[in-house]
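User: Hi! Could you walk me through this structure with a few short questions and answers?

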Amino acid sequence: MSADIGREAVYAAEIAAFEGTTYETLAPFTELLAVADLIADAPWWPHGPIEVVRARADASSSSTRQRSGGPPTVRLAAPQMTAATLVHEFAHVLAGVGHGHDPVFRRAHVDLVGFSLSHEAAEWLLEGYAAMGLRPGDRAWPAPPLRRAAGGPVVL
């Protein structure tokens, strides 16, 4: 398996963008499934329904896996049951799991944040990526519409 170049920088950009916002607040699994359905039911989404399951009870991080060309599965770990994590994992599906955290993933990530969270949140993510010296790549899927309503920052 090749190294996932840029993974730590992507995580740092996400922290800069979303820490202290409602997007990083733990949410009930059923609410996250509703966000997954919003994405998978969108006319521009090229992958159809995606299985979203709870990770093992002892898992500390979420993941997206695809075995033998089958459909991808998103696993959400209890400490990461947030909208930001769900959207991150769906970005792996949109980009293709083999892309890791490369520029194609980053384009998918920004597109999905803008579609499912808000236009403002996508701007925050782009700013976080720029601060880390990262750029999104080219889009290989239809451009999604942007969500205009923002959850906004939460003062903790």
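Analyst: Happy to! A residue is called buried when its relative accessible area is under 20%, and exposed when that value is over 50%. Please keep in mind that this is a predicted model.

User: Which residues of α1 are buried?

Analyst: Helix α1 covers residues 7–18. With the cut-off of under 20%, the buried residues in α1 are Ala-9, Val-10, Ala-13, Glu-14, Ala-17 and Phe-18.

User: Within what arc do the buried residues of α1 fall, seen down its axis?

Analyst: The buried residues of α1 line one face of the helix, because of how they fall around its axis. On the other side of α1, Glu-8 and Ala-16 are exposed. The arc that holds the buried residues is 145 degrees.

User: What covers the buried residues of α1?

Analyst: The cover is built from parts that include other helices, one of them α5 (119–131). Named in full, the cover includes α3, α4 and α5.

User: How far apart are the end C-alpha atoms of α1?

Analyst: Helix α1 has 12 residues, and the expected span is 1.5 Å times one less than that number. That gives an expected 16 Å, and the model agrees, with the end C-alpha atoms apart by 16 Å.

User: What is the order of the strands in the open sheet?

Analyst: The sheet has 3 strands with mixed pairing. Its edge strands, each pairing on one side only, are β1 (51–54) and β2 (63–65). Strand β3 (residues 73–76) pairs with β2 in the antiparallel sense over 3 bridges. The order is therefore β1-β3-β2.

User: Which residue in β3 does Thr-64 stand opposite?

Analyst: Thr-64 lies in β2, the edge strand of residues 63–65. Its partner across in β3 is Val-74.

User: What angle does the direction of helix α3 make with that of β3?

Analyst: Helix α3 (residues 83–95) packs on the sheet and touches β1, β2 and β3. The angle between the directions of α3 and β3 is about 160 degrees.

User: Is Arg-107 buried or exposed?

Analyst: Arg-107 sits in helix α4 (residues 103–116). Its relative accessibility is 17%, and the cut-off is under 20%, so Arg-107 counts as buried.

User: Which residue's backbone oxygen does the side chain of Arg-107 reach?

Analyst: Leaving aside residues up to four places away in sequence, Arg-107 touches Pro-136, Gly-137, Asp-138, Arg-139 and Trp-141. The side chain of Arg-107 reaches a backbone oxygen at 3.2 Å, and that oxygen belongs to Gly-137.

Terms used: Residues are numbered from 1 along each chain as its sequence is written. This is a predicted model: local features need pLDDT of at least 70, side-chain atom pairs count only at pLDDT 80 or more; totals for chains, interfaces and linings use all residues. Side-chain values use heavy atoms; hydrogens and water are left out. Helices (H or I, at least four residues) and strands (E, at least two) are DSSP runs, numbered from the N terminus. Buried means under 20% relative accessible area, exposed over 50%, partly exposed in between (1.4 Å probe, protein chains only). A polar contact is a pair of N or O atoms within 3.5 Å; within protein, one must be able to donate a hydrogen and the other to accept it, and residues adjacent in sequence count only if both atoms are side-chain atoms. Contact means heavy atoms within 4.5 Å. Two strands pair if DSSP finds at least two bridges between them. Axes are lines fitted to C-alpha atoms, for helices over the stretch in contact, and angles run from 0 to 180 degrees between N-to-C directions. The arc is that of the directions from the helix axis to the C-beta atoms.
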